[in-house]
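Student: Please take me through this structure by question and answer. I would like the fold first, then the core, then the voids and some single residues.

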Amino acid sequence: MPPTAVSAATAAAAAALPSPSQRRVPAAKSVWVNPKLPASHPLHHRHKSAAELQQRQHEDRAIDVAALVAALSAARTAADVAAALSPHRPVSGRLLGALLSRIPDPRRGVALLDLVAPDLPPPALLIPYNLLLRSACRAGDLRLASGLLLEMRDRGGVSPDAFSYSTLLAALTRAGHLDHALTFLPLMEEDAVAPDLILFSNLIHLALRGGDAPKALALFSRLRAAGIRPDLKAYNAAVAAYCKSDLIRDAKRLLLHDMPADGVAPDAESYSPVLAALARRGRHLAAVSLFSHMRAVARVRPDLSVFNIVLSAYGQLDLARDADRLFWNMRRAGVAPSVVTYNTMLRVYGDAGLFGEAVHLFDLMRSSASGGSGGAGSSVKPNVVTYNTMIAIYGKSLEDEKAGSLVQDMQANGVQPNAITYSTILSIWMKAGKLDRAAKLFEKLREAGTEIDPVLYQTMVVAYERVGLVSQAKRLLRDLKDPEGITKETAITILASAGRVEEAAFLFRRAANTGEIKDSSVHRAMMDLFAKNRRHRNVIEVFDEMRKLGHLPDSETIATAMNAYGKLKEFDKAAALYQAMREEGCVFSDRVHFQMISLLGAQKDFEALETLVGELSHDPSIDKRELYLVAAGIYERAYKFDKASQIISQIRSSNGLDVQKSR
């Protein structure tokens, strides 16, 4: 790493950490060093012979450490600390370690270390520094802890070791300061301290919990590049990160090939995110197939989340009877259904038109809530999602009065309606032609200060437009330009979902200028909106704004930005973005790679195209057939038919080889 980058990382780690809530933190280096401590002992203490120091260590055993710790803890000034310690100077490393491990206040420990540091050779200070760093981390004083580590690097003769870095980075990750923790990784490389598996796993999990899947994947790639073999925890986190980035094929490759190759047996947590991602993409048959592989081949017992996903997939495939059979056999498999499971089955019954079964299951849950025996539903009580699902089912069966009365029933049972409840009721009343009733309810909710979410707003905008009340729809949209009951991020999302380009752009620019946009999903929504309306320059502006905030874009966001650069004929910027994101550790879908190949073809830079195709052909995560087909199509459009024919022949020969291997 260049010196400028290292210094930037050091500055970020030392200055950007939040100060502890219970202490007033001094400025600059006085945070961790007290330069005003008096030198109360002559310099000859530094030059004691090794024999004298060894003798002092023997004498240390006779010291009443508890009494000395009490005296140091009661000291009010630096002079008091020096006076309490003076009978025992020069202090040995053994005694200093015993004192630092027992003094709970890390800042008092800093004063002690500054006082006795001249008594010890620099290499002997490593353990005291580590003890002090650990004490600061336990006290939550992360600014002090990071300052101590940086001081170790600047002090001659002593440098941080693996314990120093792992202690600090673990504390930072636990406190949620992922970006600050990452600034220390370049310093570890400079100090020749290799991060271990536990540290990488903590960083990956923190990135994942923070919703930053691209950063989690970048860390996982770095882990493997360092030659560290991932364990089950790291693999599960990587699989989940791939799925959150919508890179399902890469997740399946980890699950079905890389994990067994490394001798790591997948568990239910490994399969769950892949099944969820397949269901989210509408690939329900693939999800059911993977579920069968999980049980029959991998011999992995499903957990509750897996059952919930597969039940929903059965419903989407119109296999309600299979879902019903699996649901009632869950307890036999050792898994008790939760309220989410029951809600899933209600939705499955409703989608299949099995209203009788849905009402029966709902009655079982309500009997549990009222204290009855409840049968199979005795341990599960309905929640707001349960009621919302049943309201939607009554709406499908054209029983709008029952749907309305169910809102009163849920309030009577202590379940408060939410925005989805109201938006569902509004939609049902709209379909039933009760527009005046829906409009009154909406206005009543706004006057009562009820939280209005994007679904509810969007429901009313669409409803007004469908019945020709354009002025009311425009009034709602105007209200969103200066929202009062909702955040600007929510308002922007509503406008973008409604396809309102000008209104969304106006509010986005105003919110971006005031720093009110923190969620990267808002940037992605605006980029998609601008891309759909062919406003490619605006796509780039939003992307640049996203990068200024330090967000690491996902694969789809990068593809949208590169497409905008291509439409603007700014091929060099697209190539620079592609290269920069690869170096930063972003994991791309095939779409991004193929898009870069297409842009090179548009520039007629066939030399760079061949280089990139050759490089990608060795990447096991790339679909080779699609890669060669994309390249052949580019050569064909450029009237290079010989080259295109050569690639097609190569595809056919490789297919023939695969057939021979399979035989």
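The exchange below works through a predicted model.

Student: How many helices and strands are in the chain?
Tutor: The chain has 663 residues, and buried residues make up 49% of them. Its secondary structure consists of 37 helices and zero strands.

Student: What percentage of the contacts with a separation of 6 or more is accounted for by residues 24 or more positions apart?
Tutor: Contact here means heavy atoms within 4.5 Å. Among contacts in the chain with a separation of 6 or more, the share from residues 24 or more positions apart is 62%.

Student: Which residues touch the most other members of the largest nonpolar core?
Tutor: In soluble globular proteins, nonpolar side chains tend to be buried together. Here the largest nonpolar core holds 141 residues. Helix H14 (residues 232-244) gives the largest share of this core, eight residues. The members that touch the most others are Leu112, Leu168, Leu169 and Phe184.

Student: Which residues is Leu112 in contact with, leaving aside its neighbours within four places in sequence?
Tutor: Leu112 is one of the four core residues named as touching the most other members. With its neighbours within four places in sequence left aside, its contacts are Leu72, Leu85, Leu96, Leu99, Leu100 and Ile103.

Student: How many residues are in the other core that lies apart from the largest one?
Tutor: Its members include Leu507, Ala561, Met581 and Val613. This other core is made of 57 residues.

Student: Why does the span of helix H9 agree with the expected value?
Tutor: Helix H9 covers residues 162-174, which is 13 residues. The expected span is 1.5 Å times one less than the number of residues, so H9 should span 18 Å. The end C-alpha atoms of H9 agree with this, being apart by 18 Å.

Student: Which helices do the buried residues of H9 pack against?
Tutor: The buried residues of H9 include Leu168 and Leu169, both also named among the core residues that touch the most other members. Ser164, Tyr165 and Thr167 are buried in H9 as well. The packing partners of the buried residues are helix H7 (126-138), helix H8 (142-154), H10, H11 and H12.

Student: Which element gives the largest share of the lining of the largest pocket?
Tutor: The largest pocket has a volume of about 1,100 Å³. It is lined by 40 residues, with Asp179, Leu182, Asp212, Lys215 and Leu552 nearest its centre. Helices that each supply at least two lining residues include helix H1 (3-15), helix H12 (197-209), helix H13 (213-225) and helix H30 (520-532). The largest share, seven residues, comes from H13.

Student: How many residues in the lining of the largest pocket are charged?
Tutor: The lining contains 17 nonpolar and ten polar residues. The charged residues in this lining number 13.

Student: Which element gives the most to the lining of the second largest pocket?
Tutor: The second largest pocket has a volume of about 410 Å³. Among its 18 lining residues, Ser221, Tyr242, Val587, Asp619 and Ser621 lie nearest its centre. Two or more lining residues come from each of H13, helix H15 (248-261) and helix H35 (606-616). The element that gives the most, with three residues, is H13.

Student: What is the volume of the largest cavity?
Tutor: The count of cavities of 30 Å³ or more comes to one. The lining of the largest cavity includes Pro214, Leu217, Val587 and Phe588, and H13 and helix H32 (555-567) each supply at least two of its residues. The lining divides into seven nonpolar, two polar and one charged. The volume of the largest cavity is about 40 Å³.

Student: Is Asp318 buried or exposed?
Tutor: Asp318 lies in the loop between helix H18 (304-316) and helix H19 (320-328). Its phi is near 60°, a positive value in a residue other than glycine. Exposed means over 50% relative accessible area. Because Asp318 has a relative accessible area of 67%, it counts as exposed.

Student: What is the phi of Tyr639 near?
Tutor: Tyr639 lies in the loop between helix H36 (624-637) and helix H37 (641-662). Tyr639 is exposed, with a relative accessible area of 67%. Its phi is positive, in a residue other than glycine, and is near 65°.

Conventions:
Residues are numbered from 1 along each chain as its sequence is written. This is a predicted model: local features need pLDDT of at least 70, side-chain atom pairs count only at pLDDT 80 or more; totals for chains, interfaces and linings use all residues. Side-chain values use heavy atoms; hydrogens and water are left out. A nonpolar core is a set of buried Ala, Val, Leu, Ile, Met, Phe, Trp, Tyr and Cys residues joined through side-chain atoms within 4.5 Å. Buried means under 20% relative accessible area, exposed over 50%, partly exposed in between (1.4 Å probe, protein chains only). Helices (H or I, at least four residues) and strands (E, at least two) are DSSP runs, numbered from the N terminus. On a 1 Å grid over the protein atoms alone, a cavity is a set of points where a 1.4 Å probe fits but cannot get out, and a pocket is an open set with protein on both sides within 12 Å along at least five of seven lines; lining residues have an atom within 4 Å of a point. Grid points are joined across faces, edges and corners, and a volume is the space filled by probe spheres set on the points. Ala, Val, Leu, Ile, Met, Phe, Trp, Tyr, Cys and Pro count as nonpolar, Asp, Glu, Lys and Arg as charged, and the others, Gly among them, as polar.
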